Amino acid sequence: MKVTEEPDKSAYDLRPIELYYDDDQELISSLVIIDTPRASQESGIDKYPELKGIPNLTTNHNALWECIRNRIQQVCECTKS
């Protein structure tokens with residue numbers, strides 16, 4: 001991978017599976033990847049270049065950033081609280 005082009009971004013869906021029942025008769029389950037790639041959704045970094053360089057952004061970070069931007073665009077006060 002060092003001397004090749006970066007592959008296209010893809011996303012994969014997960015589905016739950018039941019594995020077994022443990023000694024307490026509790027169902028043990030897991031997730032498996034559905035091996036059919038789909039186009040990945042636009043991330044916060046793609047939507048908002050000002051977030052570039054911030055590692056490990058989550059959907060919660062993106063939602064918070066969208067709230068802040070909306071308030072600023074509506075010329076509303078936006079404080080830490």
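This report describes the fold, strand pairing, surface and selected backbone angles of a predicted model.

## Overall architecture

The protein chain contains two helices and two strands. Read from the N terminus, its elements follow the order β-β-α-α.

Of the 81 residues in the protein chain, 6% count as buried. The exposed area of the chain is about 7,600 Å², and carbon and sulfur atoms account for 51% of that area. When contacts between residues at least 6 apart in sequence are considered, 21% of them link residues at least 24 apart.

## The antiparallel hairpin

Strand β1 covers residues 14-21, and strand β2 covers residues 27-33. The two strands run antiparallel and are joined by seven bridges. Within this pairing, proline 16 has leucine 31 of β2 as its bridge partner, while isoleucine 17 is partnered by serine 30 of β2.

Strand β1 has eight residues, and the number of them that are buried is zero, so the strand lies largely in the open. Buried here denotes a relative accessible area under 20%.

## Leucine 14 and the nonpolar patch

Leucine 14 belongs to strand β1. Apart from its neighbours within four places in sequence, leucine 14 is in contact with Leu31, Val32, Ile33 and Ile34. The C-alpha atom of leucine 14 is separated by 9.7 Å from that of serine 30, a residue 16 positions away along the chain.

Two of these contact partners, Leu31 and Ile33, also take part with Leu14 and Tyr12 in a nonpolar surface patch of about 420 Å². Leucine 31 itself is located in strand β2, and the same residue is the bridge partner of proline 16.

## The loop between the strands

Five residues lie between the strands of the β1 and β2 hairpin. Glutamine 25 is located in this loop. Its phi is near 60°, a positive value in a residue that is not glycine. Most residues other than glycine have a negative phi.

Is glutamine 25 buried or exposed? Glutamine 25 is exposed, with a relative accessible area of 58%; the cut-off for this class is over 50%.

## Helix α2 and the residue after it

Helix α2 comprises residues 59-73. How does the span of its 15 residues agree with 1.5 Å a residue? The expected span is 21 Å, because 1.5 Å is multiplied by one less than the number of residues. The end C-alpha atoms of α2 are 21 Å apart, in agreement with that expectation.

Just after α2, valine 75 adopts a positive phi of about 55°. A positive phi is thus found for valine 75 just after the helix and for glutamine 25 in the hairpin of β1 and β2.

Technical notes. Residues numbered from 1 in each chain as written. Predicted model: local features only at pLDDT ≥ 70, side-chain atom pairs only at ≥ 80, totals over all residues. Heavy atoms only, no water. Patch = residues over 30% accessible without salt bridge, like charges linked within 9 Å, V, L, I, M, F, W, Y side chains within 5 Å. Areas by Shrake-Rupley, 256 points an atom, 1.4 Å probe, with all protein chains shown as cover. Salt bridge = Lys/Arg side-chain N within 4 Å of Asp/Glu carboxyl O. Helix = DSSP H or I, 4+ residues; strand = E, 2+ residues; numbered from the N terminus. Buried < 20%, exposed > 50% of the residue type's maximum accessible area, 1.4 Å probe, protein only. Contact = heavy atoms within 4.5 Å. Pairing = 2+ DSSP bridges.
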